[in-house]
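Reader: Could you take me through a few of the labels used for this model, and tell me what stands behind each of them?

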Amino acid sequence: MNVLSKILKYKIVAIIRGSKASDVLSIAKALKKGGIKILEITMNSPSALSVIEELTCEFGDEVIVGAGTVLDPESARSALLAGAKFILSPTVDIETIKMTKRYGAISIPGAFTPTEILKAFESGADIIKVFPISCVGPAYIKDIKGPLKQIPLLATGGINLDNISAYINSGSSGVGLGSSLVNSKFEVNEEYLNELTEKAIKFVNKVNECV
């Protein structure tokens, strides 16, 4: 199964933003234990490139590791060389999409309007991150999928255990989970990691109930 197929199958992208580099491997292992198989390391996190390299070496094909908050093609290239299998951006940058596809990786730019979403897809993106989705809610995904049903959408922003099912049932191909899953403000200790695994299990179960 290729990377795109895995993202579309497992549906949850866990966003790790701002965590200490020394904590990320433990966080990733806790998430994996809970059934999370896709991790996004944001480029504005400490030592993001070395973290991506460490996780890629640690997990191999068992966990898909990508880079997030990628704003330009140079950053995309650095992340891809470090081992990232997908590139996630908050906006549509055509050159970043081109760079990602040049390296054979999965491109997931962020867009909001139907025009932006279609432009990103026609420019080579594999999945479009609809961000920030919290402003409009699950109904917006359903409305977008009406005329643009061929485009896979990744809903991101404000998604939690209470609304994740609504987003999947509205037609979202997946979701990006930030602080509702991994909150970098908490101390990473055994208790936190156990709670993280339990929370991951709950999210995975919610998604599995929808498919």
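**Labels and their cut-offs**

Author: Gladly, and K11 is a good place to begin: K11 is buried, because its relative accessible area is 13% and buried means under 20%, with exposed over 50% and partly exposed in between (1.4 Å probe, protein chains only). This is a predicted model, where local features need pLDDT of at least 70, side-chain atom pairs count only at pLDDT 80 or more, and totals for chains, interfaces and linings use all residues. Residues are numbered from 1 along each chain as its sequence is written, and side-chain values use heavy atoms, with hydrogens and water left out.

Reader: What makes the phi of K11 worth a remark?

Author: Phi of K11 is near 75 degrees, a positive value in a residue other than glycine. K11 sits in the loop between α1 (3–10) and β1 (12–16); helices (H or I, at least four residues) and strands (E, at least two) are DSSP runs, numbered from the N terminus. T69 also has a positive phi, near 55 degrees, and belongs to the loop between β3 (64–68) and α4 (73–81).

Reader: What is the omega of the peptide bond from F131 to P132?

Author: Omega is near -5 degrees, and this bond is cis. P132 lies in the loop between β7 (128–130) and α7 (138–145).

Reader: Which residues make the contact of α2 with α9?

Author: From α2 (residues 21–33) come S26, I27, A30, L31 and K33, and from α9 come L193, L196, T197 and A200, where contact means heavy atoms within 4.5 Å.

Terms used
Axes fitted to C-alpha atoms, helices over the stretch in contact; angles between N-to-C directions.
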